[in-house]
Amino acid sequence: MRDTTDAQTPNDFFISAKTTTAIPVRHPTVRDALIQASLDPQVRSIDYVASAQVASAQVALDAVVLQREDGRYGLDIVPARRVLDLDEGGLALIAWDELKLEPLEVTAEELSREPRRSNANLVWTYSGVAVPVGLRLRIQQVLLEEGPMALGQLLKALDGEGEPAVAVMALACANLVCLDLFSQPLSPTTLVRLCVQAGTHGL
């Protein structure tokens with residue numbers, strides 16, 4: 001059994017189009033990891049497990065769980081690790097095993113890797129921005145018909161239709177379009193495509 005409620009008072013909560021529940025954020029690197037995961041096309045969903053039952057013991061986990069294309073992973077964010085005694089650590093490992101979570105270690109260096117970090121942080125500033133329905137459908141239609149394309153090419157196709165650059169960033173946060181945030185700083189040559197979920201839902 002598992003519990004997704006939070007036993008302690010967090011400083012903040014994180015919510016995105018991929019999260020299944022509000023996730024408590026007790027360390028800045030947790031937020032960084034969640035932003036990057038929310039914009040990563042390999043990540044299908046993000047869950048949170050506060051605690052789990054191991055035999056007669058309730059074990060605090062505070063685990064962020066990523067469902068990716070290649071499996072289900074528990075994020076082990078090194079700078080945000082909780083200090084556990086030997087017994088707690090052993091029970092936590094059993095709980096992770098019972099939940100079939102593969103540990104995914106993430107270091108501060110990985111979270112700070114450029115250009116991904118700056119790109120993700122820039123795009124995320126548009127999270128929650130409302131996109132007019134007509135513009136959203138137009139962006140999706142262009143990508144559906146033409147396939148993946150450079151951001152500059154997409155914006156040119158949308159010239160005169162509101163604020164297309166803002167709309168594309170907001171739709172990336174909403175998991176409707178995917179941007180290549182890994183290979184280069186965000187630019188007119190950045191590749192844009194429909195996210196898998198968006199493509200299967202139709203228009």
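In the predicted model, helix α7, which spans residues 164-173, lies across strands β9 and β10 and runs at about 100 degrees to β9. This helix is mostly covered, since eight of its 10 residues are buried, a term that here stands for a relative accessible area under 20%. The buried residues of α7 are Pro164, Ala167, Val168, Met169, Ala170, Leu171, Ala172 and Cys173; for Cys173, the relative accessible area is 6%, and this residue therefore counts as buried. The partners against which the buried residues of α7 pack are the helices α4 (116-124), α5 (133-146) and α6 (151-157), together with the strands β9 and β10. After the helix comes Asn175, a residue with a positive phi, near 65 degrees.

The two strands crossed by α7 belong to an open sheet of three strands, arranged in the order β8-β10-β9 and paired in the antiparallel sense. Because β8 (149-150) and β9 (177-179) stand at the edges and each has a single partner strand, one side of each is left without a neighbour in the sheet. Strands of a sheet pair through backbone hydrogen bonds, and the pairing may be either parallel or antiparallel. Between β9 and β10 (residues 191-194), which run antiparallel, there are three bridges, and in one of the pairings described for these strands Val177 has Leu194 of β10 as its bridge partner.

The same region contains the one disulfide that the structure holds. It is formed by Cys178 and Cys195, whose sulfur atoms are 2.4 Å apart. Cys178 lies in strand β9, whereas Cys195 lies in the loop between β10 and α8 (196-201), so the pair ties together parts that are 17 residues apart in sequence. A disulfide is a covalent bond between the sulfur atoms of two cysteines. The torsion about the S-S bond of Cys178 and Cys195 is about 120 degrees, and the disulfide is therefore right-handed. With respect to solvent, Cys178 has a relative accessibility of 8% and so counts as buried, and Cys195, with a relative accessible area of 1%, is buried as well.

Both of these cysteines also border an internal space, as they are among the residues that line the largest cavity. The structure holds one cavity of 30 Å³ or more, and the volume of the largest cavity is about 60 Å³. Its lining is made up of Lys18, Ser38, Leu39, Val123, Ala172, Asn175, Val177, Cys178, Leu179, Leu181 and Cys195. Strand β9 gives the most to this lining, with three residues. Ala172, which is one of the buried residues of α7, and Asn175, which follows that helix, are thus both found in the description of the helix and in the lining of the cavity.

A further set of strands is made up of β5, β6 and β7. β5 and β6 pair in the antiparallel sense over four bridges, with Gln67 standing opposite Arg72 in β6, and the two strands are joined by a hairpin through two residues. On the other hand, the pairing of β6 with β7 is parallel and extends over five bridges, and here Leu75 stands opposite Leu104 in β7. Strand β6 (residues 71-77) is largely enclosed by the rest of the structure, because five of its seven residues are buried.

Leu66, a residue of strand β5, has a relative accessible area of 4% and is therefore buried. When its neighbours within four places in sequence are left aside, Leu66 is in contact with Ala37, Val43, Ser45, Ile46, Gly71, Arg72, Tyr73, Leu75 and Leu104. Leu75 and Leu104, which stand opposite each other in the pairing of β6 with β7, are thus both among the contacts of Leu66. Leu66 and Thr19, although 47 residues apart in sequence, have C-alpha atoms that are 9.3 Å apart in space.

Strands β5 and β7 also contribute to an open space, the second largest pocket, which has a volume of about 390 Å³. This pocket is lined by 19 residues, and those nearest its centre are Gln36, Asp40, Arg68, Val106 and Arg116. The elements that give two or more residues to its lining are α1 (28-38), β5 (57-68), β7 (102-106) and α3 (108-111).

Definitions and conventions. Residues are numbered from 1 along each chain as its sequence is written. This is a predicted model: local features need pLDDT of at least 70, side-chain atom pairs count only at pLDDT 80 or more; totals for chains, interfaces and linings use all residues. Side-chain values use heavy atoms; hydrogens and water are left out. Two strands pair if DSSP finds at least two bridges between them. Contact means heavy atoms within 4.5 Å. Axes are lines fitted to C-alpha atoms, for helices over the stretch in contact, and angles run from 0 to 180 degrees between N-to-C directions. A disulfide is a pair of cysteine sulfur atoms within 2.5 Å. Buried means under 20% relative accessible area, exposed over 50%, partly exposed in between (1.4 Å probe, protein chains only). On a 1 Å grid over the protein atoms alone, a cavity is a set of points where a 1.4 Å probe fits but cannot get out, and a pocket is an open set with protein on both sides within 12 Å along at least five of seven lines; lining residues have an atom within 4 Å of a point. Grid points are joined across faces, edges and corners, and a volume is the space filled by probe spheres set on the points.
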